[in-house]
Amino acid sequence: MDHFELKDGELFAEDVPMRRIADEVGTPVYIYSRATLERHARVFREGLQGVAEASGREPLIAFAVKANPNLAVLRVLSREGCGADVVSGGELMRALAAGVPPEKIVFSGVGKTRAELQLGLDKQIGQFNIESREEGRELAELAAAMGLEAPACLRINPDVDAKTHEKISTGKAENKFGIPLVHAREVFDELGSLEGLNLRGVAVHIGSQLLDLEPLETAFAKVGKLVGDLRDRGHTITHVDLGGGLGVPYKDGETPPSPAEYGVMVARATSGWDVHLTFEPGRVIAGNAGVLLTRVVRVKRGGNGPPFVIVDAAMNDLARPALYGAWHDFDAVAPTGERMTANIVGPICETGDTFARDRECDALQAGELAVFRTAGAYGATMASSYNSRGFVAEVMVSGSDYAIVADRIAAAAIMDAERVPDFLSD
Ligand code: LLP
């Protein structure tokens, strides 16, 4: 459930008419609903209530910052008690700047540099998820030099097919992530003995936008077996990080498992583990908490197909349709009840800049406003300035108030960071 609804025939974000934001901030613009973010964080936590009760420990919900790194979004979630799952020094600095306590920060990622590992140690973050033997050795060396023991989990690759888009699947043997399960025990033995590391558990994340719990449960069962084996080998296992991945409905008829159903599965899968659990949800918290508001530039008649509705947002602002063929619902801000079938495209000079083909949608004319829904996760954060377009503004709504939470960055400002060198000056 979100807070982007029609009131008297016009779309509102909470209690703010979208038309007002378009008039005052311009389009395209991302709009986030604070109440929706808070609701989703609470629903996810409630879904894990059974897990918390069974294990006697409150799980750490570390929001996957990559899904939406906006400082205001992170602040809302931090106030809801969430930690942060970060995958770069940049994300780490954002989480801290938004007020996430360092001990609630988990550092994931397959290619952390030495400088990033050092930053994590300097900031005394709560956990490093180690993705290779080499990374573990490097982290141990850096921590030992500071007289520290870095709290860490070993990320394993369970070789499970998450049954999602191949570009966002991470848990198959051929994917770059984690330590293959067959090597996990031996790598754990080595890294577990290093001064400088407190290797205390295991992490797993098999993919994103999962619409089925079965692959997750299969992966968790493998983790459970590994935890038992590691304990048998004399290791003390106190922490398990089960990653993120829960999908959201992008279109009618898509019915991902609810956080409550996910929680029931997790409780079953982790029964008897006796560990602190961490989760790294991203999309399920932020996805439906944001829309991309856009204005129709013009409607152009098609050659032998439906008309092209050309909007002022493009693939550089919302990359998911171009990258993954992803579906985003497209609705008029002031629907008349009339419908049309259209190709919805942006102004960028490639055919990939297509949001939807042959889409039945609200009838729209030049100058009218519309939204792409479910754009709160992996939206603004994946923007580029392709075709020398700027970066769109981001707005957060809270009741009848709204604020610009990221300025629009004009194409001119991006150009200002470029130089023509002296050797080209004549
Ligand atoms: N933890 C790790 C280690 C991850 O790699 C990811 C996502 C998450 C947590 C959060 O997953 P979520 O709960 O959001 O599914 N750009 C793509 C999605 C890439 C996801 C990458 N990793 C998209 O737009 O669909």
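The paragraphs below lead through selected parts of this structure, which is a predicted model.

A good place to begin is the sheet at the start of the chain, where 3 strands form an open sheet in the order E1-E2-E3 with antiparallel pairing. The edge strands of this sheet are strand E1 (4–7) and strand E3 (16–17), each of which pairs on one side only. Strands of a sheet pair through backbone hydrogen bonds, and the pairing can be either parallel or antiparallel. Between E1 and strand E2 (residues 10–13), the antiparallel pairing extends over 4 bridges, and Phe4 stands opposite Ala13 in E2.

The loop between E2 and E3 holds Glu14, a residue whose phi is near 50°, which is a positive value in a residue other than glycine. Is Glu14 buried or exposed? Because its relative accessibility is 9%, Glu14 counts as buried, the cut-off for that word being under 20% relative accessible area.

A second residue with this backbone feature is Asp274, which has a positive phi of about 60° although it is not a glycine. Asp274 is placed in the loop between helix H10 (259–269) and strand E13 (276–279), and it counts as exposed because its relative accessibility is 54%, where exposed stands for over 50%.

Another loop carries a backbone feature of its own kind. Thr27 and Pro28 are joined by a cis peptide bond, with omega at about -10°, and Pro28 is found in the loop that lies between helix H1 (18–25) and strand E4 (29–33).

Further along the chain, strand E19 (residues 369–372) is covered on both faces. On one side of E19 the residues are Leu369 and Val371, on the other side they are Ala370 and Phe372, and all of these are buried. Strand E14 (residues 290–300) runs antiparallel to E19 and is joined to it by 4 bridges, with Leu293 having Val371 as its bridge partner in E19. Strand E16 (residues 330–332) also pairs with E19 in the antiparallel sense, over 3 bridges, and here Phe330 stands opposite Phe372 of E19. Val371 and Phe372, which are both buried, are thus met again in the pairing of E19, Val371 as the partner of Leu293 and Phe372 opposite Phe330.

The model also includes a ligand, and there are 18 residues around it, of which Ser208, Glu280, Arg320, Tyr324 and Tyr378 come nearest. For Tyr378, a polar side-chain atom lies 2.6 Å from an oxygen atom of the ligand. How much of the ligand's area does the protein bury? Taken alone, the ligand exposes 590 Å², and the protein buries 92% of that. Gly282 approaches the ligand through its backbone, as one of its backbone N or O atoms lies 2.9 Å from a ligand oxygen atom, whereas in Lys66 a polar side-chain atom lies 3.5 Å from an oxygen atom of the ligand.

The last stop is on the surface, where Val420, Phe423 and Leu424 form a nonpolar patch that has about 380 Å² of accessible area together. Phe423 is placed in the segment after helix H13 (411–416), and because its relative accessibility is 68%, Phe423 counts as exposed.

Technical notes
Residues numbered from 1 in each chain as written. Predicted model: local features only at pLDDT ≥ 70, side-chain atom pairs only at ≥ 80, totals over all residues. Heavy atoms only, no water. Patch = residues over 30% accessible without salt bridge, like charges linked within 9 Å, V, L, I, M, F, W, Y side chains within 5 Å. Areas by Shrake-Rupley, 256 points an atom, 1.4 Å probe, with all protein chains shown as cover. Salt bridge = Lys/Arg side-chain N within 4 Å of Asp/Glu carboxyl O. Helix = DSSP H or I, 4+ residues; strand = E, 2+ residues; numbered from the N terminus. Buried < 20%, exposed > 50% of the residue type's maximum accessible area, 1.4 Å probe, protein only. Pairing = 2+ DSSP bridges. Near = heavy atom within 4 Å. Polar contact = N/O pair within 3.5 Å; in protein donor to acceptor, adjacent residues only side chain to side chain.
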